[in-house]
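Here is a short set of exercises to work through with the coordinates open. Try each task first, then compare your route with the worked solution.

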Amino acid sequence: MLLRQLEYLVALARERHFTRAADACFVSQPSLSAAIRKLEHELDVPIVRRGRRYEGLTPEGERVLAWAHRILAERDALRQELSAMRGGLTGTLRLGAIPTALTAASLLTTPFCAKHPMARVSLESLSSREITDGLAEFALDAAMTYLDEDTLRHIRTIPLYEERYVLLTPDEGPLAGQRSARWAQAAALPLCLLSPRMRNRRIMDGCFAADGVAATPAVESDTVAGLYAHLADGNWSSVISHAWLHMFGVPEGMRVLPLDGPAHGPRVGLVLGDRDPESVLARELWETARQAGVRDTLDDVLRRHLGGRAGTR
């Protein structure tokens with residue numbers, strides 16, 4: 001059995017298409033198909049359910065796939081250990097992040113890369129479910145996500161910060177002169193918010209409901225950048241997480257108002273799969289997170305935009 005055959009199987013399970021899997025592995029489709037047939041012969045089990053097109057894996061194939069993920073992860077861990085012994089960590093750290101935490105990812109990746117200049121980082125925006133699957137299948141080394149997700153299993157966690165929600169609104173808008181706002185007041189404004197399928201939006205909807213209202217935004221987006229693109233023209237308001245201020249700041253002509261209600265939202269943290277052997281890259285990112293002071297940095301950003309009032313709410 002060759003490691004290359006296992007790589008082909010992992011690619012096929014990911015792409016669910018023989019030609020796309022072959023393209024991802026930089027081989028011809030007949031070569032990939034032949035390698036997987038050889039793997040079936042060597043293991044003496046059917047791995048792929050074949051029809052006119054790819055139809056999935058057999059039960060035996062699913063078990064082989066799970067071992068393939070593990071074996072390839074152990075190969076990568078060995079390479080990382082040896083590179084560290086040679087005096088410089090190499091390889092690619094595969095980091096996933098929920099979209100609302102992407103704006104704070106540089107607070108980890110920048111010091112990580114400074115400490116390990118020969119290593120690379122692959123950062124991907126993923127849903128909570130995709131992060132759970134990626135960690136379980138060894139497709140991710142680490143991730144930034146909400147720590148109270150029910151789907152998280154067999155992981156190690158380190159809290160990074162608690163989301164704090166504030167209102168971005170025009171300087172000369174209906175709330176001009178106010179030093180804070182209620183969620184009900186925010187709901188009455190022309191709003192841009194994240195789409196309801198995103199966890200952050202569902203949390204905010206709960207805050208609106210607690211103040212006796214429901215938000216009906218005129219614009220919804222599945223990215224933070226999509227929201228900010230609308231805020232730039234000064235006609236809209238948005239409820240945002242304070243972590244977004246780190247990347248996007250406050251558009252010209254707008255101001256930040258604290259919202260009456262809970263001082264903190266859910267915790268965002270770094271999560272690693274609880275596995276053996278451990279990814280050396282993940283372990284080094286863990287150490288970076290312990291020393292990065294992400295929470296303090298984001299609180300300082302919020303305090304600056306609130307004119308020193310962040311600690312009062």
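**Exercise 1.** Which residue stands opposite Val268 in β12? Find it, then describe the strand pairing around β5.

*Solution.* Keep in mind that this is a predicted model.
- Step 1: Start from Val268 in β12; the residue opposite is Tyr146.
- Step 2: Widen the view to the strands. β5 and β12, the latter covering residues 267-273, pair in the antiparallel sense through 4 bridges.
- Step 3: Look for another partner of β5. Strand β3 (residues 91-97) is joined to β5 by 3 bridges, and these two strands run parallel.
- Step 4: Pick one bridge of that parallel pairing: Ala97 has Met144 in β5 as its bridge partner.
- Step 5: Check the cover. β5 spans residues 142-146, and 5 of its 5 residues are buried.
- Step 6: Return to Tyr146 and inspect its ring. The charged end of Arg199 sits over that ring, 4.9 Å from the centre.

**Exercise 2.** Is Thr103 buried or exposed? Work out its surroundings as well.

*Solution.*
- Step 1: Place the residue: Thr103 belongs to the loop between β3 and α5 (106-115).
- Step 2: Compare its accessibility with the cut-off. Buried means under 20%, so Thr103, at 3% relative accessibility, is buried.
- Step 3: List the contacts, leaving out residues up to four places away in sequence. Thr103 touches Ala243, Trp244, His246, Met247 and Phe248.
- Step 4: Look for a polar atom pair. A polar atom of the Thr103 side chain lies 3.2 Å from the backbone oxygen of Ala243.

**Exercise 3.** What is the phi of Asp44, and what is that of Phe138? Set out the accessibility of each residue too.

*Solution.*
- Step 1: Asp44 is not a glycine, yet its phi is positive, at about 60°.
- Step 2: Asp44 is located in the loop between α3 (29-43) and β1 (48-50). Its relative accessibility is 67%, so Asp44 counts as exposed.
- Step 3: Phe138 also has a positive phi, near 65°, in a residue other than glycine.
- Step 4: The loop that holds Phe138 runs between α6 (128-136) and β5. Because its relative accessibility is 12%, Phe138 counts as buried.

**Exercise 4.** How many aromatic pairs are there? Classify two of them by ring geometry.

*Solution.*
- Step 1: The count comes to 4 aromatic pairs.
- Step 2: Take Tyr165 and Trp183. Their ring centres are 6.4 Å apart and their planes are at 80°, so this pair is edge-to-face.
- Step 3: Locate both members. Tyr165 is in strand β7 (residues 165-170) and Trp183 in helix α7 (residues 183-187), so the pair links distant parts of the chain, 18 residues apart. Both Tyr165 and Trp183 are buried.
- Step 4: Turn to Tyr228 and Phe248. With ring centres 4.6 Å apart and planes at 25°, the pair is stacked.
- Step 5: Tyr228 lies in helix α9 (residues 224-231) and Phe248 in helix α10 (residues 244-248), 20 residues apart.
- Step 6: Tyr228 counts as buried at 9% relative accessibility, whereas Phe248, at 30%, counts as partly exposed.
- Step 7: Look for a cluster: Tyr165, Trp183 and Phe208 form one.

**Exercise 5.** Over the ring of which residue does the charged end of Arg156 sit?

*Solution.* Follow the Arg156 side chain to its charged end, which sits over the ring of Trp286, 4.3 Å from the ring centre.

Conventions
Residues numbered from 1 in each chain as written. Predicted model: local features only at pLDDT ≥ 70, side-chain atom pairs only at ≥ 80, totals over all residues. Heavy atoms only, no water. Buried < 20%, exposed > 50% of the residue type's maximum accessible area, 1.4 Å probe, protein only. Pairing = 2+ DSSP bridges. Polar contact = N/O pair within 3.5 Å; in protein donor to acceptor, adjacent residues only side chain to side chain. Contact = heavy atoms within 4.5 Å. Phe/Tyr/Trp six-rings, centres within 6.5 Å; stacked < 30°, edge-to-face > 60°. Lys NZ or Arg CZ within 6 Å of the ring centre and 35° of its normal.
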